[in-house]
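The following report goes through a few local features of one model, covering backbone angles, burial and spacing.

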Amino acid sequence: QDSQLSGPPAMGAGEQGSAHPTDCSPAADVEAATADDAFGGHTVADLVATGGREWTPLPQSESLQRAAEALVSTSQSAVAVTRGDGGLAGVLTENDVLRAYFERAPSDLSIGVWLDSGMARASPELLERMLVHPQDSLADVAVRMIENLLSGDCACHHVVVRDSAKRCVGVLSSLDLVQALCHSELAEHALPHRGEKDSPEPEAPCAVEEPAVRSVMKGRNDVLTCSPSGTVRDVLKVMLMSGQNSVLVADDRGVHGVVTPRDVLRFFVDGVPTHCPIADLGPSAMDRVIESHMQISQALTLMKERRLHHLIVVRPKTAEVVGVLSSLDVILSTKANAKRMYAMHEAVGPEVGELVARHRHFTAVCSTGDTLSCVAKLLMTSSRTSAVIRNASNTPLGLLTESDIARAFCEGTPPDTKIQDWCLMREASSQSLRPHLVIRPSVQVTEAATLMTLMQGAADDGRGPCHHLVVQGQSGEWIGVCSALDVVRGVCSLRSELEVSKAGADGTNVAAIMKKIVPRCEASDTIEEALRTLLASRQGCVLVEDEDGFHGVVTPRCAVQAFSMGNPRNTKVAACLSDVEHRQILHSALLVDAAAMMTQHCIHHLIVKDWAGDKVLGVLSSLDLVRGVASLTSQCPFVSLRWLGLCRGRQCCLLRATTEHASLRER
C-alpha cells in the first residue's frame, strides 16, 4: 500500500551530459518535460497506484452526519457523492461540513440537498473544474488546484479522478500530492515560491540547497487567530471568511493550539453546540510543530506520517510561533510563477444586474424636454432618488438626483424650467451634472458598495457623496441605476448566514456606523433654510428639534415634494416634515435589521434612539449602511469588518505546551 512511485526513465550512459539542442531522443524529451516539474513527470495514475486510500463513494441520499462520520473514520478530507444511477453527483469536502455547521443546517440533511443548495464547494456545476484524468501529470493537478484557489468559488484542496469511461476513480487532496513529493527523487525538485530573503526572521541559511520551511510557510501576520474564550462559531466564521483552513488559538499569554477542519469535523460528529467555548474542547499543537530552518522534505515526511494538513512553525530552539505551513502552501511552492494568495474573493450577494432586472420599474427616465416639476413628480411616484436624462435620440446624458432638485429649489429655479435649459444654466455656472460611475451587471452587491464608497472619496466635488451607480450592458446601453437603497435591498436578499457575515451585517450594531453629528433646524424655520443647511452639511438628513422636543426630519425628498406641489420656499418646516413612525431604530440593532426596515418602508434615513427610545443619538442613512457592508477586499477601514483584522498578528506568540492539552488530535 505504501509502494514508491517509479522514477522517470533513466538516460543511457552515452547520452548523459552530451545532449545537443537539436537532440530529439526520448530521454531528452523527458528531461525537458520534467525540468520544471516538481513531481518528476509522474502522473495521476502513478499516485493512484500507490494505494493506501479509501475512496468509497457515498450516495447523495446519505445525511451530512453520515458523511462527516465517514470522513473522520477514513482520515480522508473529501468523499465522492453518487446519484441513484451510480453517476457522479459531486464531492463533499470537510469545508462543506464546516459551512453546513455554520449555517445551522440539520445533521440529517441529505448530501444531495446540500450539493444543490448553492453553498457547496464542489457542486455539480463546479465539478467540471475539478476533474482530472489518470494520464494527467501531477504538476498539472497542482496547477488545477492553484487555479481553483485563485477563483475563490470552488474547492481548491481536491480534484476528482475520472477515467476514460467517465467513472470516478477517486478523489485526490493536496495532502496526497504532498505524499508524492515525499519520494526521495521528487523532493529535490520542489522549488519555493518565495526566496529565503522574504523570511520573517533572520536565521542562518540551511547548509543544503533544499528550501527551508520558512521560505514556503504563511508568516505569522498572515495567520488568523481566535481567543480561547471564542466559540466554535467564532472559529468557523474566521475560517470561512478568510479562506484559511487553520486558526491559531491565542491570547496575550501565547498560542494555546490550532483548530483545523478535521477538529471541526469531529465537533460536528459529536454534536458540539456552536456556542461552546473553543478552550473547553482542548485545542493542541504539540504533535505538529516544526522549526522554521528545517528542510521542506522533513515537513513533507511529518505531514505524510501523521496525516497532517497543517504544521505550526516555530523559531529554532524556541517556542515562538513564526507561521503555519499547510499542504496547499507546499503545492503553491512547486510553481515558481504561481501567485501567492490566501484571501479569497469576498464580494457576496446578488449581482446588480439581477437587482435592476428584479426592480426594473424602479428606474425613472425623463427627457431633456421635460420640466423640473415633471421630474419631481416622477421621482415622487416612482419612489426613486434619481432619474436618467435622455435626449431626443434616446441617448442617456446623465442622472438628475433629489439633491439637484433641492439645489434648484433653494436657488429659486422656476418649476417649469426645462431640463435642457437647466443643464445649460448649470454648465454656465461650472456646476454640470455630477459624473457617475459605470459598473457591469455582474458586479456583486458588496462590491458595488465598495465602489460607491470609493467614488465618494475620489469625486470630492463639494456636492455631497455618491449615492448612485449606472449599470451598463456589454453594448454600452444603460440597463438601470443602482442606488444606495438598492444595495441595502441586496443585503436583505443575502441567501446564507456566511454571506451576511461577509457583509459584516450580523455582528455590527447601528451605533458603530451611524452619524452622531447631524445638522439641526427648528420647526419654525423655512424649508429653504432647512434645505440650505442640508446641502451645506453634505448630508441627506436634517433633524428638526427645538425646545419643544424632536419633531421629525427634513430630507431631499421634502424638496422633491415641495417642487412637485409648487410650494413656496418660505413654507415652514413644520408643514413639510417627513413621517418618523417607521424611521426609528435602537442604537443596539444590527445592520441586517436596519436594512430590513429601510427595504420594507423604502426609506433612506433612520432615526437612531437610545435604549429607552427617548433620546435621539444620530441618523443612519442608506449610504452609511453601504459603507458598513462594503467588500472585504476594499482598502477602506470599515468598522463592521475591523474585527477580522484584529485576528492577525498577535503580540505574544509563544507556543504554550500545557499538560491539559497533551492528548493531541490529528489534523
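This is a predicted model, and the account below begins with a helix before it turns to the loops.

Helix α7, which spans residues 174-181, is mostly covered, since eight of its eight residues are buried. The buried set runs from Ser-174, Leu-175, Asp-176 and Leu-177 to Val-178, Gln-179, Ala-180 and Leu-181, and it therefore includes Asp-176 and Gln-179 along with Leu-175 and Val-178, each having under 20% relative accessible area.

Two loop residues have a positive phi although neither is a glycine: for Arg-104 the angle is about 60°, and for Lys-317 the angle is near 60°. Arg-104 is placed in the loop between α4 (94-102) and α5 (111-115), whereas Lys-317 is placed in the loop between β12 (310-314) and β13 (321-326). Arg-104 counts as exposed because its relative accessibility, 53%, is over the 50% cut-off, and Lys-317 counts as exposed because its value is 82%.

A third loop residue, Asp-287, lies between α10 (261-270) and β11 (289-291). Is Asp-287 buried or exposed? Asp-287 is buried, because its relative accessible area of 18% is under the 20% cut-off. Asp-287 and Ile-312 are 25 residues apart in sequence, and their C-alpha atoms are 9.3 Å apart in space.

The accessibility values of the three loop residues are set out here.

| Residue | Relative accessibility | State |
|---|---|---|
| Arg-104 | 53% | exposed |
| Lys-317 | 82% | exposed |
| Asp-287 | 18% | buried |

Notes:
Residues are numbered from 1 along each chain as its sequence is written. This is a predicted model: local features need pLDDT of at least 70, side-chain atom pairs count only at pLDDT 80 or more; totals for chains, interfaces and linings use all residues. Side-chain values use heavy atoms; hydrogens and water are left out. Buried means under 20% relative accessible area, exposed over 50%, partly exposed in between (1.4 Å probe, protein chains only). Helices (H or I, at least four residues) and strands (E, at least two) are DSSP runs, numbered from the N terminus.
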